[in-house]
Amino acid sequence: ILVKNQPQERVQRWLNSFYEQTTFLYYHQEDFLGGNHLLENYVALISAGLFLDQRTIGRLFFQDTTILLEEELKVQILKDGGHCEGSYGYHVALIERLHFLCRALKAAGRALPHWLTKPLTKMEKWAAILTANIEEPPIFGDSWRMAPMVSPAEKSIPKRLTHLPESGLLRIQWNSSNDVIFFRYGSFGGHHVPGHGHCDCTSFELFHSGRPFVCDSGNLHYRNDNLREYFRSTRAHNVALVEGVEQSEFSHTFRAGKTARGELKKLTDNEDGISFYMQYEAATPQSKGLLFKRQVLVIPTRAIIIGDEVLGLEGREFSSYLHLVPDAARAEEEKNLQVIFSQGRTMYLSLLLGEGSRTEKGHYAPNFGQHHSTIVCRFTGRQKIVYALTIDKPTTTEKRMWSKAMVNLCGAERT
């Protein structure tokens with residue numbers, strides 16, 4: 001199509017330039033970065049190899065890179081279908097690239113290999129699980145809000161609990177089908193490509209009526225400045241924080257040193273609800289000897305109860321952060337009970353155990369370049385902080401019962 005009705009001289013210049021650029025890419029692949037960059041390189045080289053098939057170098061591009069792509073997909077696509085970097089945005093971008101490659105192979109009259117279609121189907125299913133019944137995906141790590149990807153891979157509505165263990169993700173339907181909460185305990189980006197990672201281990205995003213209500217801060221841009229540092233930091237996520245202590249070592253735009261790795265423990269799903277706890281040891285020098293633990297109890301249709309503690313803190317104060325969507329408004333209904341409003345939706349936020357609460361200004365970037373101010377609720381405590389999120393106002397009896405349940409969960413876990 002590109003060369004039709006074009007002068008032969010112009011076509012030859014274009015073909016020579018295409019050949020030179022492809023040759024340059026072949027000898028300068030981004031294997032020092034890995035991750036989505038390297039997969040993009042391979043797709044480009046294989047597609048170019050198909051186009052230049054009549055030349056010896058075209059066959060070389062195709063044959064060599066096909067072997068590399070097959071092996072790299074085994075490394076980067078996890079058993080549960082997620083991409084190793086943990087970003088929904090880059091995950092979907094790679095699905096689109098792999099579909100492009102499938103179309104190129106078909107156009108060249110070649111069969112689609114199983115090593116390509118199998119991981120692609122798993123990736124589509126993973127993306128479908130994360131966006132089922134909600135209007136946009138969670139944005140852990142360097143990601144962005146977008147319309148859910150329509151995929152034939154997963155048409156059924158997920159059950160109330162879906163665990164993606166290799167990705168370190170839990171999806172829980174906590175009320176109606178479009179009320180969903182995601183918990184993340186996975187690694188800081190990919191183990192070997194942490195550039196898109198954030199300090200979001202044990203963080204969560206809560207969707208109410210299909211839209212975000214308690215949100216991740218997102219990512220504004222890739223410039224090396226204070227805002228980039230903020231969006232990758234611990235305080236930008238819905239987690240526990242000791243002042244001056246980051247979960248992982250990170251610097252500049254994409255660099256990372258030692259990183260925290262979370263664990264999921266004692267996941268239970270029965271008639272009483274869903275309970276589990278997550279934990280990690282922060283990887284920075286200031287965090288030596290500290291173990292961060294988060295207990296969670298989800299009582300479907302009634303409450304989400306979260307308890308944070310930091311072992312080894314020896315009585316020092318720590319905080320639990322909760323980031324609300326930009327249009328949220330809050331009012332203090334009574335001591336330790338706030339009512340939060342957003343686009344016709346209402347939820348109650350109760351502090352069950354802790355020393356107090358206050359609000360701060362936060363930052364929210366649902367997409368690159370979109371910067372909003374948000375309200376951040378900050379709870380403080382010295383031993384344990386427990387709070388609950390409910391649609392209806394909780395009774396005094398319920399709050400006592402939930403506090404006792406969280407203490408019992410904590411005691412049983414320690415035993």
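**Entry 1: His83**

I began with His83 and located this residue in the loop between α3 and α4. The model I am reading is predicted. Is His83 buried or exposed? I found a relative accessibility of 2%, so His83 counts as buried, the cut-off for that class being under 20%. I then listed the contacts of His83, leaving aside neighbours within four places in sequence. Gly35, Asn36 and Leu39 are among them, and so are Gln76, Ile77 and Leu78. His91 and Leu94 complete the list.

**Entry 2: helix α3**

I turned next to α3, which covers residues 56–76. Does its span agree or disagree with its number of residues? At 1.5 Å a residue, the 21 residues should span 30 Å, and I found the end C-alpha atoms 30 Å apart, which agrees.

I also looked up which residues of α3 are buried. The set opens with Ile57, Gly58, Phe61 and Phe62. It continues through Thr65, Thr66 and Leu69, and Glu72, Leu73 and Gln76 are buried as well. Gln76 had already appeared in my notes as a contact of His83. What covers the buried residues of α3? I noted that the cover includes α1 (8–27) and α2 (35–51), together with α4 (88–107) and α5 (114–131).

**Entry 3: Ala132**

I moved on to Ala132, which is found in the loop between α5 and β1 (161–164). Its relative accessibility is 15%, and Ala132 therefore counts as buried. Which residues does Ala132 touch, not counting those up to four places away in sequence? I recorded Pro158 and Arg171. I also checked Ala132 against Met149: the two are 17 residues apart in sequence, and their C-alpha atoms lie 9.7 Å apart in space.

**Entry 4: the whole chain**

I closed with the protein chain as a whole, in which I counted 7 helices and 19 strands. Its radius of gyration is 24 Å, close to the 22 Å that the globule rule gives for 415 residues, so the chain is as compact as a globular protein of that length. Along the principal axes, the C-alpha atoms fill a box of roughly 80 × 45 × 40 Å.

Buried residues make up 55% of the 415 residues. Of the contacts between residues at least 6 apart in sequence, 63% join residues at least 24 apart. I put the accessible surface at about 18600 Å², with 52% of it belonging to carbon and sulfur atoms. Finally, I noted 48 positive and 46 negative side chains, the centres of the two sets lying 1 Å apart.

How values were computed. Residues are numbered from 1 along each chain as its sequence is written. This is a predicted model: local features need pLDDT of at least 70, side-chain atom pairs count only at pLDDT 80 or more; totals for chains, interfaces and linings use all residues. Side-chain values use heavy atoms; hydrogens and water are left out. Helices (H or I, at least four residues) and strands (E, at least two) are DSSP runs, numbered from the N terminus. The radius of gyration is taken over C-alpha atoms; the globule rule is 2.2 Å times the number of residues to the power 0.38. Buried means under 20% relative accessible area, exposed over 50%, partly exposed in between (1.4 Å probe, protein chains only). Contact means heavy atoms within 4.5 Å. Accessible areas come from the Shrake-Rupley method with a 1.4 Å probe; for residues, only the protein chains shown count as cover. Lys and Arg count as positive and Asp and Glu as negative; His and the chain ends are not counted. The place of a charge is taken as NZ of Lys, CZ of Arg, CG of Asp or CD of Glu. The expected span of a helix is 1.5 Å times one less than its number of residues.
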